[in-house]
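User: I should like to go through the side-chain interactions of this structure and hear the grounds for each label. Please set every value against its criterion.

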Protein chains: 4
Amino acid sequence: MKAWKLTPGGGIEGLILLDLPEPVAGPGEVLIRVRSTSLNYRDLLMTRRNRHPIIPLSDGAGDVVAVGSGVAAFAPGDRVTSCFFKSWTDGEGTPEDTSESFGGNRLDGMLAELVALPESAVIHMPPHMNYDEAATLPCAALTAWNAMYVQARLTPGQSVLLLGTGGVSIAGLQLAAIGGVRSIITSSSDAKLERARALGADHTINYHEREDWERAALDATGGRGVDAVLEVGGAATYPKSMAATRFGGMVTLIGALAHEGGDPGTAPMLGRGLKAARIFVGSRRQFQDMNRALTLRKVHPVVDRAFSMDEAAEAFRCLESQAHFGKIVIRV
Amino acid sequence: MKAWKLTPGGGIEGLILLDLPEPVAGPGEVLIRVRSTSLNYRDLLMTRRNRHPIIPLSDGAGDVVAVGSGVAAFAPGDRVTSCFFKSWTDGEGTPEDTSESFGGNRLDGMLAELVALPESAVIHMPPHMNYDEAATLPCAALTAWNAMYVQARLTPGQSVLLLGTGGVSIAGLQLAAIGGVRSIITSSSDAKLERARALGADHTINYHEREDWERAALDATGGRGVDAVLEVGGAATYPKSMAATRFGGMVTLIGALAHEGGDPGTAPMLGRGLKAARIFVGSRRQFQDMNRALTLRKVHPVVDRAFSMDEAAEAFRCLESQAHFGKIVIRV
Amino acid sequence: MKAWKLTPGGGIEGLILLDLPEPVAGPGEVLIRVRSTSLNYRDLLMTRRNRHPIIPLSDGAGDVVAVGSGVAAFAPGDRVTSCFFKSWTDGEGTPEDTSESFGGNRLDGMLAELVALPESAVIHMPPHMNYDEAATLPCAALTAWNAMYVQARLTPGQSVLLLGTGGVSIAGLQLAAIGGVRSIITSSSDAKLERARALGADHTINYHEREDWERAALDATGGRGVDAVLEVGGAATYPKSMAATRFGGMVTLIGALAHEGGDPGTAPMLGRGLKAARIFVGSRRQFQDMNRALTLRKVHPVVDRAFSMDEAAEAFRCLESQAHFGKIVIRV
Amino acid sequence: MKAWKLTPGGGIEGLILLDLPEPVAGPGEVLIRVRSTSLNYRDLLMTRRNRHPIIPLSDGAGDVVAVGSGVAAFAPGDRVTSCFFKSWTDGEGTPEDTSESFGGNRLDGMLAELVALPESAVIHMPPHMNYDEAATLPCAALTAWNAMYVQARLTPGQSVLLLGTGGVSIAGLQLAAIGGVRSIITSSSDAKLERARALGADHTINYHEREDWERAALDATGGRGVDAVLEVGGAATYPKSMAATRFGGMVTLIGALAHEGGDPGTAPMLGRGLKAARIFVGSRRQFQDMNRALTLRKVHPVVDRAFSMDEAAEAFRCLESQAHFGKIVIRV
């Protein structure tokens, strides 16, 4: 089978397309023919930082082609996605639960024609989605779900601030729309903000026009402040995110990007009774809960651009350029 | 000013229209010109059971005409509604918080041209609503909100079972629609179920056609069971409500009606790990939270029929007939 | 190896001591030499009702003698206990999580010299306990923990009502003592109440002297009502338990006994804003959390009487007599 | 009556003892003869920073001498304490709830022979305490309670890290002891650590001997990390506090001191899935909950030293020296 592997320290140029032996489904494992995968910023970092020459990407969707002994929940023909973590099935999350994720460290990921995953890291995809759409869910969408509905426990009428139009923010926008949550989203592009409004954004802020976008976010909530921020921006945005948050609200700290380029500090949270919580994607149970919501309201995740298997490097470069809106996928 | 009073033990026939002295706004009070009121089943019971000859009805909306000393949050001209409880402003609720409600015991209610309420029992109405709509909120809608989003903490993709098309159920239906919650509603009338679908019901069950409506509710959730029931039916429905609930789900026990006509018992909840919680309307803070949601999504509560001040008795009889869909209001 | 088996429908008389082949540790399994087991009322019911001739008892403690392939968390020599459920490791609990428990249905239990359990159903025992003490934990103590600190979320200064001096109630008493929770316990025996006081009971009620023991419980909380009840008594006690609970408090419904002999109904919970929750023991994670608490405060569970392997039937009869205080164990 | 007033910007030297007219109990107010007050670091800051010449100190205990019209919950002779905030009675806390505290901004505090407080800012003191002990509760102890049992929701067997032996830390130590929570406390003085052990500290760390005290705290939890930190230290301790916290644990940010002298940043929380929450003392309801716990277990707060009314300046200087263990009080 064909699969891409990364070269430790090699960056995007170090990605190599190989012919590898086909994996088989061991006991408790599910063999999946991958149809589509999606990229996250973390995957870009892995091409630079991972110390083992593994198959990259945590996110994939495809068809079950075989199951190992003891597997009861899946059968050949099932349409499934991978989970981000190998063994975080339920509960609050422990260091063990979050120690192994696909496409990181020594654990091969999804950019291959066939993968064999433990049953506990496989989940049925929402029936109304195509493979590209389903491939966007395991990391970015689940991160937004966990931040909004598990950690911050947003209820209808509350508000969320979304920074930019990357995968997590656009997933958050769609999740806000179905949950009755007021969404406030920023971008430097009016065209992207126009697309965001079409997806249900309640307020859009062009941060080139409004350098004080935290003030604009406060205004959008009648001066009260947002109930939650999906903080994906790091040092450049964190203090403003806190300034936009209501008394007692929560800033969720997300992603590999967070706080690169200097540490913004905690001082701003002191004056406003804020909470902060670091988010690590989510559990398989949370993934099931999210899929139930996406299925009920027939949400179609936003695929910005789909690349072919041969164009994997171009896909990574597209992500690197940060010009996207939603998710970038590679079809296998 | 004109006001209706009930006669203890007199029932609907005991309602009397009187000319009473105009109330004034004492310290900390708000004087309201009532524009519309709404009826709840509890008000019907009060005409039979209340031992004091008070002005009935807990729910009203109108305009502030004067404020007493120390009132800062309201000014003449403000459009407001009453709260159900006189002093449950925030927190979990205590016997004291829930001891006094308008239109019950010795506390005059809203079926009058003018009422003076303590500031803590007044709340601004959602700007997009008319008085009739806003008058439906204090009891029925807040009960549904508390049950669904405070007690059962429903998140998008979860499900709620609604019994019949009375005020609480239709409010629950609208709140489910904006919160991404799967709604399953029962009625004996296909016409009402048609209206429910127009309001966003995800599943409708005619319980004349499906005596085993609890099975139909299970089917609507793929056999898993609903996450919450707004149980307003009493002895006739409670065991079926429990049978329709998922393992670990919650049956919320609502209303004056609940469990009249015999006690259904708790046995059914034992086999399925259920939770049950008695709901008493909600706090002022919850009311504000709900209004924020209704305002964001521009929800218009369902007014089945509006009566004039002179027709108060007809309005009560209309409620008694239980043929309504949503709420019955009396314009003052 | 020696093991007891029950005869379907045979009751205590149907228990048979057999010589069985020694089990081996399969992949992911832990082989345990059982040192001590404990009895729960559920086990007595199993001797009457279970339809398969299995080895009884859910609770056991002993030494690891071998581990199967892939087992990393245990090694020979480790002192361990069994979990009640075969696969409820974490999270809220699902029908699947709670479908299989040891010593029930087709799943052999702990009354054997050797047992092979899946790694996920084994847990290290608190180091300060002996085998008898540790054998009391998996069902009764974890049930009390789940009810008190997971479902009812008791905090210091809150109160719990404990009915009688069986295994759950005495475990609840000890857990209340270390958690700063006011404990109120009932019995018909002054001698047992004396023992309860020695274990830290804050209030004791002899229900032969006080038929209105629910009033005595109210008095013990200054009239406010208890925050939680561990309701193990069934139809005879449930209405009084509800009457003793504070506005907004929680009655936890526990055990095989609950509500045998007639259904008490739910009416009493309506007047007081109560919550009720059915408890099914608990998860492995909760077990670890509890053990951390028991270890910190060096709690020694109360073993009423220890029987030898040969006296298994006597042990069951002792349980049946309901004269015990705490737990009954059988040493293997 | 005698009362101290601060001079804006005057520091300790600016404190002046005055003869002032006696206050009276207006409508809804309670007139209290103050017997004892306690000092918090915030009060020291107020002597330097407050822009209005007010009576200082938030914390006081005394006897009710009169009540204004409409006051039902208090009567002359009642032994009471003040609340920190004038109007945070219940619920999550809002900017309004926390906008006015006694002894700050324009609101007179407790360092006076007589004070008139709104009923909602008065609470009965635990009966077993003397006035000095009760005067320590409103700010420091309630802060520890809120952080530990409301925000971090600690349960028995969990752990808390306490930094130094000031008022919040020693209150936290006593609250941990009654709640079955493992306490780990630091100091530079072996004598103070000895006293801490006598109060129930499970682990003590001399941070002069162990500069890597965060490692010592990790060791005390078997390498797992503490469940919560009461972070009162600021820039010098915050990174180490985060390093000592378990995956998913919570650092509570407390006090006027926090983060003076540089901002430690948030980077350390990213790697470990931490949560952080800013604590602002607590609500009146939380105060009642705490008092219930302190009363049940007959906890006597630690009064390090009691000064007379004339020695107010000495008391402030004693606090400034930071050599104390527990609380400093001034008897009125």
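Analyst: The following exchange concerns salt bridges, aromatic pairs, charges over rings and two polar residues in this predicted model.

User: Why is the pairing of Glu320(B) with Arg48(B) called a salt bridge?

Analyst: The criterion asks for a side-chain nitrogen of Lys or Arg within 4 Å of a carboxyl oxygen of Asp or Glu. The closest N and O atoms of Glu320(B) and Arg48(B) are 3.1 Å apart, so the pair qualifies as a salt bridge. Glu320(B) belongs to helix α10 (residues 312–320) of chain B and Arg48(B) to helix α1 (residues 41–49) of chain B, so the bridge ties together parts that are 272 residues apart in sequence. Over all chains, the same rule gives a count of 64 salt bridges.

User: What makes Glu320(B) and Arg48(B) partly exposed?

Analyst: Partly exposed is the class between the buried limit, under 20% relative accessible area, and the exposed limit, over 50%. Glu320(B) has a relative accessible area of 37%, so it is placed in that class. For Arg48(B) the value is 37%, and this residue therefore counts as partly exposed.

User: How do you know that Glu194(B) and Arg197(B) form a salt bridge, and where do they lie?

Analyst: Their N to O distance is 3.0 Å, which is within 4 Å, and therefore the two side chains meet in a salt bridge. Both residues lie in helix α5 (residues 190–198) of chain B, three residues apart, about one turn of the helix. Glu194(B) is partly exposed at 47% relative accessible area, and Arg197(B) is partly exposed at 40%.

User: Why is Asp63(C) called buried or exposed, and how does its partner Arg35(C) rank?

Analyst: Arg35(C) and Asp63(C) form a salt bridge, with 2.6 Å between the closest N and O atoms. Arg35(C) is in strand β3 (residues 29–38) of chain C and Asp63(C) in strand β4 (residues 59–67) of chain C, so the pair ties together parts that are 28 residues apart in sequence. Asp63(C) has 12% relative accessibility; this is under 20%, and the residue is therefore buried. Arg35(C), at 36%, falls between the two limits and so is partly exposed.

User: Which residues are joined into one network by salt bridges that share partners?

Analyst: Asp90(A), Arg285(A), Arg224(B), Asp227(B), Arg246(B) and Glu92(C) are joined in this way.

User: What makes the pair of Phe85(C) and Trp88(C) tilted?

Analyst: The count of aromatic pairs over all chains is 16. The ring centres of Phe85(C) and Trp88(C) are 5.8 Å apart, within the 6.5 Å limit, so the rings pair. Their planes stand at 50°, neither under 30 degrees as for stacked rings nor over 60 as for edge-to-face rings, and the pair is therefore tilted. Both Phe85(C) and Trp88(C) are buried.

User: How do you know that Trp145(C) and Tyr149(C) pair, and what is the class of the pair?

Analyst: The ring centres are 4.9 Å apart, again within 6.5 Å, and the planes are at 55°, so the pair is tilted. Trp145(C) and Tyr149(C) lie in helix α3 (residues 137–151) of chain C, four residues apart, about one turn of the helix. Both residues are buried. In chain A, Phe84(A), Phe85(A) and Trp88(A) form one aromatic cluster.

User: What makes Arg79(A) a charge over the ring of Tyr131(A)?

Analyst: The charged end of Arg79(A) is 5.0 Å from the centre of the ring, and the distance limit is 6 Å. Arg79(A) is listed as sitting over the ring of Tyr131(A). In chain D, the charged end of Arg79(D) sits over the ring of Tyr131(D), 5.0 Å from its centre.

User: Why is Ser169(D) called buried or exposed, and what does its side chain meet?

Analyst: Its relative accessibility is 2%, under the 20% limit, so Ser169(D) counts as buried. Ser169(D) lies in helix α4 (residues 167–179) of chain D. A polar atom of its side chain is 3.0 Å from the backbone oxygen of Leu163(D). Beyond neighbours within four places in sequence, Ser169(D) is in contact with Leu162(D), Leu163(D), Gly164(D) and Val232(D).

User: How do you know whether Gln174(B) is buried or exposed, and which backbone oxygen lies 2.9 Å from its side chain?

Analyst: Gln174(B) has a relative accessible area of 10%, under 20%, and is therefore buried. The oxygen is that of His300(B), 2.9 Å from a polar atom of the Gln174(B) side chain. Gln174(B) is placed in helix α4 (residues 167–179) of chain B.

How values were computed:
Residues numbered from 1 in each chain as written. Chains lettered and ligands numbered in written order. Predicted model: local features only at pLDDT ≥ 70, side-chain atom pairs only at ≥ 80, totals over all residues. Heavy atoms only, no water. Helix = DSSP H or I, 4+ residues; strand = E, 2+ residues; numbered from the N terminus. Buried < 20%, exposed > 50% of the residue type's maximum accessible area, 1.4 Å probe, protein only. Phe/Tyr/Trp six-rings, centres within 6.5 Å; stacked < 30°, edge-to-face > 60°. Lys NZ or Arg CZ within 6 Å of the ring centre and 35° of its normal. Contact = heavy atoms within 4.5 Å. Polar contact = N/O pair within 3.5 Å; in protein donor to acceptor, adjacent residues only side chain to side chain.
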